[in-house]
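Trainee: Could you take me through one part of this model up close, and then show me what else is worth a look around it?

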Amino acid sequence: MTGVIPADLIREQIKAQMAAGAQQDMIGKVNAFVDERCIPLEPKFLQGSFKALKPELDKARAEAKKRGIWAPWIPRAHGGLGLSLPEYAKVSAALGRSPIAHYALNCQAPDVGNMELLMSHGSEDQRARWLAPLVAGSIRSCFSMTEPEFAGSNPVFMETKAVRDGADYVISGHKWFTSAADGSAFAIVMAVTNPDGKPHERASQIIVPMDAKGVKLVRNIQIMGDVGDDYASHAEMRYDKVRVPITNRLGAEGAGFTLAQERLGPGRIHHCMRWIGICDRAIDLMCKQAASRMIAPGVPLGSKQAVQHMIAECRAETDAARLFVLDAAQQIEAKGAHEARVAVSAIKFHTAGVLQRVLDKALQLHGALGMTDDIPLAYWYRHERGARIYDGPDEVHKTVVARQLLKGYGLKVE
Ligand SMILES: Cc1cc2nc3c(=O)[nH]c(=O)nc-3n(C[C@H](O)[C@H](O)[C@H](O)COP(=O)(O)OP(=O)(O)OC[C@H]3O[C@@H](n4cnc5c(N)ncnc54)[C@H](O)[C@@H]3O)c2cc1C
């Protein structure tokens, strides 16, 4: 031992410190953008329509591009910032603090997942026609998989068919909860192309332009009293003998589920960190209310131990969930989404549960104000109840975790 630190190690440490500094800088920029450009638009979003807010959101989007924070999750080669999954996860939490911030930076679901699919499996033509304008933010898209007549928790169970006819597929089927279909330029439709294949090799993902003949948006479904519009909506769709070229298929025929699984790993990190961001904002609102709301002259709400406990419990649950999710993001980064699937299932149901508990406590602490759309708690309370259902219901994810654990004890659970 000479006592001299090897130059390589020093270089690595400097690189790591610079990366950490750059990451902090990015989070700082994103937080400032959310505070300055998104939170001020919230009252109009919460009490009006998404469409009416679009001109102002477009200005916010232009500002995001100017500030160098546009499309953070998309690789540089495709026009984004090229953050790694753990880096983007922290950005997603910062954006989660406002219900319109992911949209403002063009990293909103389902577009971001569709961008990933096109980057990984799109042909050159598909990328030029659909990916480039998606990344630029000039079009939107949706993902159409779940069907009202079939249990979405078992995704191999579906009826929509794509039948080959010459150089085309002819698609017929009924879907619902196609989020953000209203105003989208195209849908990625999951349809059975190989009816005689093994259950996980029966379906393909096919790009369907929304203006193709036979595509019908039946309605925007009313969700907990809110029908929504434009990006902020969930549609029932009919595909009635829709003809698209076979070249609109993504990846190999029958690879639909494999592609869907790939898309869901990082997507669940994005969602979970967005929920952490919602919790951060809810706690911020709780603290402001606890410090300023007087329950008697000179007696702030926050002087009550019951309120202090609510705040402390929310803080601890949120911070613990954040570390849990970041660990899963590291696992995906290190060994891929498939190998990390048990960790991803664990964070999915755990974080969705933390979100429900934190929102409920935050709403309670605000009393009647919490029930209003003057602040975003009620919006999240209504719309994020779905967190325990979409991207796989809690029960399905719990089974994945339990099955893995019990295997170690010699019990095989189907
Ligand atoms: C807000 C929101 C947005 C969505 N966006 C989209 C979208 O953009 N595109 C799209 O294609 N779909 C979307 N979905 C649909 C979503 O993917 C499905 O709702 C989900 O897969 C569950 O399917 P399901 O609703 O048919 O419930 P079902 O499969 O009928 O399950 C109902 C309930 O049964 C229980 N359950 C199910 N399976 C099991 C099991 N194995 N063990 C124990 N209990 C079980 C669970 O409690 C579950 O909640 C969205 C849903 C919501 C709520």
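Mentor: Sure, let's start with helix 4, whose buried residues are Leu85, Pro86, Glu87, Tyr88, Ala89, Lys90, Val91, Ser92, Ala93, Ala94, Leu95 and Gly96. Buried here means 20 or more other C-beta atoms within 10 Å of the residue's own (exposed is 12 or fewer, partly exposed in between, with C-beta atoms placed from the backbone). That makes twelve of twelve residues, so the helix counts as mostly covered. Helices are DSSP runs of H or I, at least four residues, and strands are runs of E, at least two, numbered from the N terminus. Keep in mind that this is a predicted model: local features need pLDDT of at least 70 and side-chain atom pairs 80 or more, while totals for chains, interfaces and linings use all residues. Numbering runs from 1 along each chain as its sequence is written.

The length of helix 4 checks out too: at 1.5 Å a residue (times one less than the number of residues), residues 85-96 should span 16 Å, and the end C-alpha atoms are 16 Å apart, which agrees.

Stepping back, an automatic or database assignment divides the protein into domain 1 (7-136), domain 2 (141-250) and domain 3 (257-407). The contact between domain 2 and domain 3 (C-beta atoms, placed from the backbone, within 7 Å) takes ten residues from domain 2 and eight from domain 3. On the domain 2 side, six are nonpolar, three polar and one charged; Ala, Val, Leu, Ile, Met, Phe, Trp, Tyr, Cys and Pro count as nonpolar, Asp, Glu, Lys and Arg as charged, and the others, Gly among them, as polar. Both domains also give at least three residues each to the shell around the ligand.

Methods: Contact = placed C-beta atoms within 7 Å.
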